[in-house]
Amino acid sequence: MPGFLTRNWRLKLLALVLAIFSWAGSSWPPIPGHPCRVASVPQPSSPDVSLPAGYLLTEVIPNLTVDISGD
């Protein structure tokens with residue numbers, strides 16, 4: 001087992017450092033007050049929409065709201 005830890009230790013250390021920087025630099029979940037765009041995705045309003053065989057739309061699906069953020 002010690003050979004597994006000490007073999008390629010420089011590469012493992014580099015991978016750990018990169019992982020920490022990636023984790024620290026990510027902005028998920030979005031930071032409050034950080035600029036983002038909100039998009040509304042319309043859904044079919046009638047049950048006449050063509051659905052795959054075996055599926056039935058029983059009620060209207062409300063529009064989806066999606067937050068879009070990025071650098």
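**Close-up 1. Val17 in its helix and its surface patch.** In this predicted model, Val17 is partly exposed, because its relative accessible area of 36% falls between the limits of 20% for buried and 50% for exposed. Look for Val17 in helix H2, which covers residues 9-25. Val17 also belongs to a nonpolar surface patch of about 620 Å². Its partners in that patch are Trp9, Leu13, Leu16, Ile20 and Phe21.

**Close-up 2. Lys12 and the ring of Phe4.** Which residue lies over the face of Phe4? Here you can find Lys12 in that place, at 4.3 Å from the ring centre. For readers who like to look for pairs of aromatic rings, the count comes to 0.

**Close-up 3. Ser69 and Val38.** Ser69 sits in the segment after strand S2 (64-68). Is Ser69 buried or exposed? The answer is partly exposed, because the relative accessible area of Ser69 is 39%, between the 20% and 50% limits. Along the chain, Ser69 and Val38 are 31 residues apart, and a distance of 8.8 Å separates their C-alpha atoms.

**Close-up 4. Confidence along the chain.** The average pLDDT of the chain is 78, and 73% of the residues score at least 70. Among the elements of the chain, H2 has the highest mean pLDDT, at 90. The lowest mean, 79, belongs to helix H1 (residues 2-6). A friendly reminder as you zoom in: where pLDDT is low, predicted coordinates should not be read in detail.

How values were computed: Residues are numbered from 1 along each chain as its sequence is written. This is a predicted model: local features need pLDDT of at least 70, side-chain atom pairs count only at pLDDT 80 or more; totals for chains, interfaces and linings use all residues. Side-chain values use heavy atoms; hydrogens and water are left out. Patches are made of residues with over 30% relative accessible area and no salt bridge: like charges are joined within 9 Å, nonpolar side chains (Val, Leu, Ile, Met, Phe, Trp, Tyr) within 5 Å. Accessible areas come from the Shrake-Rupley method with a 1.4 Å probe; for residues, only the protein chains shown count as cover. A salt bridge is a side-chain nitrogen of Lys or Arg within 4 Å of a carboxyl oxygen of Asp or Glu. Helices (H or I, at least four residues) and strands (E, at least two) are DSSP runs, numbered from the N terminus. Buried means under 20% relative accessible area, exposed over 50%, partly exposed in between (1.4 Å probe, protein chains only). pLDDT is the predictor's confidence in each residue, from 0 to 100. Rings of Phe, Tyr and Trp (its six-membered ring) pair if their centres lie within 6.5 Å; planes under 30 degrees apart count as stacked, over 60 as edge-to-face and the rest as tilted. A charge sits over a ring if NZ of Lys or CZ of Arg is within 6 Å of the ring centre and within 35 degrees of the ring normal.
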